[in-house]
Amino acid sequence: MKKFVSFLLAVVIISSMVPLAVTAGAATAPKHRTGDDPVVSETVPETAAEATEETTAEPSETQETTAETTAVEETTAPAETTEPATQETTEPVITPEAPKNFSVKSTGKDNVIIRWDKTANATSYVISRADEKSNGKMGKYAVIKTIDDMNINSYKNTANIKAGTVYKYKIVAKRTAGTTTTSPASTVTAMTNPDDVKTLKVSKKTTTTMEIKWSKSSKATKYIIERADENSNGKYDGYKKIKTVKSSVTNYADKGLKTGYAYKYKVKVQRTKSSITKNSSGKAVKNVTTLAAPENLKNIKSTTTAIKIGWDAVNKASKYEVYRKDAKTKYAKIKTTTSTTYTDKDVTTGKNYKYKVRAVRVIGKKNYYGAAAAVKTSTAVTGVNGLTVKSILNRGLFSWNSVSGASGYDIFVKKSDGTWLKKASTPYTNYLTGKLKSGKTYTFQIKPYKGSGEGKVYGQAKTASVTASNTAYGQTPSGTWVEVCIETQQMYMYVNNKLYISTPVITGYAYNDRRTTKGYHHVLSKASPANLRGSYGGSSWNVTVSYWLGFTGDGQGIHDATWQPNFGGEYYKNSSRGSHGCVNTPTSAVAKIYSKAYVGMPVIVY
């Protein structure tokens, strides 16, 4: 009985299994593992005999068993086709390939764009990113984006992006078709562009140099310096790299530039990390080399009420600024002009002024200045008055009244072509010409001036003519003689009718009876050494001189005077320096004169 029950249970089980297998094969998709191998379905027995093999041990129940067996055979007949049906409807598990050509398409300082080739069989892409830390090391990967649209094969990453930072990206392709499979990862490293330096300026410049200075960048491994030059038509050439410097350097002096030209500079931060080099877009600054100072700044003309100054044009100058000061004021701007001359009418007669002029170049609304040139000048002094002239021994002796405020007087002679030739300049009110051609008439001009150099301002000139005459007091010397000009305090000795020596002297005090006597004299006595004794106005003297040439009966003569510190000028107008009528002479000069002099030699004082 137990065997019969077992047989019935076997039949029931077999009967229930056959339709289940067929149903699963026809209506349900096969289930797969996550690996490469598909999941295999369970298999039913091929024949009923196999299923009933255990029940043949009880023949006494053969009829019942046979009936049941027949039913099983009918039911299980299709089992022979169950396995082929299951194999036809089961799909293999497909793992997509890793995305190919995963690369960085572009970077900015706040974004990274990555791309890849589309992957067959993928249903999504998963992108992860690892960030560079502040200590330079890389962090862990974290998913930043999942892309389900298979028409997309690039991604622009902007979230939490920092300038000049290294990022590592990882991408995998996924396939979900009942079972999810994932490709191996593709990786790429990117670095965002660094930020520009915060500040850039021109710290120093000259006519040919420009020095730039910038703030330090913590991301820099180098700095790239580029320059764009102004060309001849005022436009700029493109930027060109002129220097690369270390990250420790924050300034650069550019030399050999053109004066007054504009230059643009750009400093780029360069960072190299993980075999990647990126540059910032560049911080820019523009400036102009210092314009040249105006050349030939001078006083063109001055009157008692105006001063006209002028200068040469400066290359690249748009305009000029004129500044003025006097002895009591500081420089102040009085005019801006595009001209190269300026007439100042707000002046005081005879007053000194100083002017400065500098060139200015205007680009847009900004002024760029040049170096200043300066000139001293003044309004004109009055003209010469009281001019007298006389001829003596083929010389012209000119005298005139002092001009108030004058610094001195320039002496000009008129040439045969009508132009004027400057002969001398003197601070005194007299002038003795050199030897002129006897009988010829010469025209001289005396021009008072104030100031000096480029700042010299002339007053009205006075002109006078003189005809040379080789006489003095009605006589004409010849051979060897001495001339003494009191007004110019000069003494000349001629030997054999040629100038032998000229020397400054000090004659007698000019304002009383101590004056040296004018006239045509002769040497009366000659001694070396000589003792000079005398008295005047309650004072007396007793001195020994090395050389003595007396020429008047009252004791006037030519001699050395070691007590005089210097000679010439107008010392004879000072009572403590002017002599008592003698001609005080430097020792070296009187020694030469003494050696050629003789008793009876003419001494002409005028």
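# A guided tour, beginning at Thr 290

Select Thr 290 and display what surrounds it: setting aside neighbours up to four places away in sequence, this residue contacts Lys 205, Thr 206, Thr 207, Thr 259, Gly 260, Tyr 369, Gly 370 and Ala 371. Thr 290 belongs to the loop that links strand 16 (283-288) with strand 17 (298-302). Although it sits in a loop, Thr 290 counts as buried, because its relative accessible area is 14% and the limit for burial is under 20%. Please bear in mind throughout that the model is predicted.

**The whole chain**

Next, zoom out to the full protein chain. Its 606 residues include 43% that count as buried, and its secondary structure consists of five helices and 42 strands. Of the contacts between residues at least 6 apart in sequence, 64% connect residues at least 24 apart. With a surface display switched on, the exposed area of the chain is about 32100 Å², of which carbon and sulfur atoms supply 48%.

**Ser 154**

Move to strand 5 (residues 154-157), where Ser 154 is found. In contrast to the buried Thr 290, Ser 154 is partly exposed, with a relative accessible area of 31%. Beyond residues up to four places away in sequence, Ser 154 touches Ile 114, Arg 115, Trp 116 and Ile 147. A distance label drawn from the C-alpha atom of Ser 154 to that of Val 104 should read 9.4 Å, for two residues that stand 50 residues apart along the chain.

**A four-stranded sheet and helix 5**

Now select strands 36, 39, 40 and 41. In that order they form an open sheet with mixed pairing. Strand 36 (525-527) and strand 41 (583-585) are the edge strands, each pairing on one side only. From one strand to the next, the twist averages 15°.

Focus on strand 36 and strand 39 (residues 548-550), which are joined by three bridges in the antiparallel sense. One position to label is Lys 526, whose bridge partner in strand 39 is Leu 549.

Add helix 5 (residues 587-596) to the selection. Helix 5 lies across strand 36, strand 39, strand 40 (557-560) and strand 41, and runs at about 130° to strand 40.

**The largest nonpolar core**

In soluble globular proteins, nonpolar side chains tend to be buried together. The largest nonpolar core here has 25 residues, and the members that touch the most others are Val 482, Met 491, Ile 558 and Val 603. At least two residues of this core come from each of strand 32 (481-485), strand 33 (490-495), helix 5 and strand 42 (602-605). Helix 5 makes the largest contribution, with four residues.

Centre the view on Val 603. Setting aside residues up to four places away in sequence, Val 603 touches Val 482, Gly 519, Tyr 520, His 521, His 522, Val 523, Phe 551 and Ile 558. Apart from this core there is another, of 19 residues, including Leu 297, Ile 309, Val 347 and Tyr 353.

**Two cysteines**

For the last stop, select Cys 485 and Cys 582. Cys 485 is buried, with a relative accessible area of 0%. Cys 582 also counts as buried, at 14% relative accessibility. No disulfide needs to be drawn at either residue, for a search of the whole structure finds zero disulfides.

Methods. Residues numbered from 1 in each chain as written. Predicted model: local features only at pLDDT ≥ 70, side-chain atom pairs only at ≥ 80, totals over all residues. Heavy atoms only, no water. Buried < 20%, exposed > 50% of the residue type's maximum accessible area, 1.4 Å probe, protein only. Contact = heavy atoms within 4.5 Å. Areas by Shrake-Rupley, 256 points an atom, 1.4 Å probe, with all protein chains shown as cover. Disulfide = S-S within 2.5 Å. Pairing = 2+ DSSP bridges. Axes fitted to C-alpha atoms, helices over the stretch in contact; angles between N-to-C directions. Core = buried A, V, L, I, M, F, W, Y, C linked by side-chain atoms within 4.5 Å.
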